[in-house]
Amino acid sequence: MSSEAKERMKGNSCPICGKETFYQQGTEKNPFFPFCSERCRWVDLSHWLDGAYRIPGEETLPARENADSEKPDAEEQ
Ligand SMILES: [Zn+2]
């Protein structure tokens, strides 16, 4: 058995709250693994998004005028 498989068998700590969480609980797979719950998964996701939106050196560009985007599709027959 590979060490990776062993890792899946044993418990893991939720990266958000530190609670023990399992890849598989009884016969059911934990859909939130490696998090203990949906809440912790969302907390992690929001952290990730928060970081992703703050890209250093990149300023928010003003919205372009999209007057040209309302061209009729004349090419279809
Ligand atoms: Zn948790």
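Before you start clicking, a word on colouring: pLDDT is the predictor's confidence in each residue, from 0 to 100. This is a predicted model, in which local features need pLDDT of at least 70 and side-chain atom pairs count only at pLDDT 80 or more, while totals for chains, interfaces and linings use all residues. Residues are numbered from 1 along each chain as its sequence is written.

**The whole chain**

Colour the protein chain by confidence. Its average pLDDT is 78, and 61% of the residues score at least 70. Select helix H1 (residues 3-9) for the lowest confidence, a mean of 57, then strand S2 (residues 20-21) for the highest, at 91.

Now switch to a cartoon view. Helices (H or I, at least four residues) and strands (E, at least two) are DSSP runs, numbered from the N terminus. You should find two helices and four strands, arranged along the sequence as α-β-β-β-β-α.

How much of the protein chain is buried? Of its 77 residues, 5% are buried; that label calls for 20 or more other C-beta atoms within 10 Å of a residue's own, whereas 12 or fewer makes it exposed and anything in between partly exposed, with C-beta atoms placed from the backbone. Two residues are in contact if their C-beta atoms, placed from the backbone in the same way, lie within 7 Å. Among contacts between residues at least 6 apart in sequence, 14% join residues at least 24 apart.

**First stop: Gly-18**

Select Gly-18, in the loop between strand S1 (12-13) and S2. Gly-18 counts as exposed because it has 10 C-beta neighbours inside 10 Å. Draw a C-alpha to C-alpha distance to Cys-36: 8.6 Å, for a pair 18 residues apart in sequence.

**Second stop: Gln-25**

Move on to strand S3 (residues 24-25), where Gln-25 lies. Gln-25 is exposed, since 11 other C-beta atoms are within 10 Å. Its C-alpha is 9.7 Å from that of Gly-11, 14 residues away along the chain.

**Third stop: the loop before H2**

Next, select Pro-34 in the loop between strand S4 (28-29) and helix H2 (38-53). Show the backbone here: the peptide bond joining Phe-33 and Pro-34 is cis, with omega about 5°. For context, most peptide bonds are trans.

Finish on Phe-35, also in the loop between S4 and H2. Is Phe-35 buried or exposed? Phe-35 counts as buried, because 22 C-beta neighbours fall inside 10 Å. Leaving aside neighbours within four places in sequence, show its contacts: Cys-14, Pro-15, Ile-16, Thr-21, Cys-40, Arg-41 and Asp-44. Then add Ser-13, which is 22 residues from Phe-35 in sequence and 7.7 Å away, C-alpha to C-alpha.
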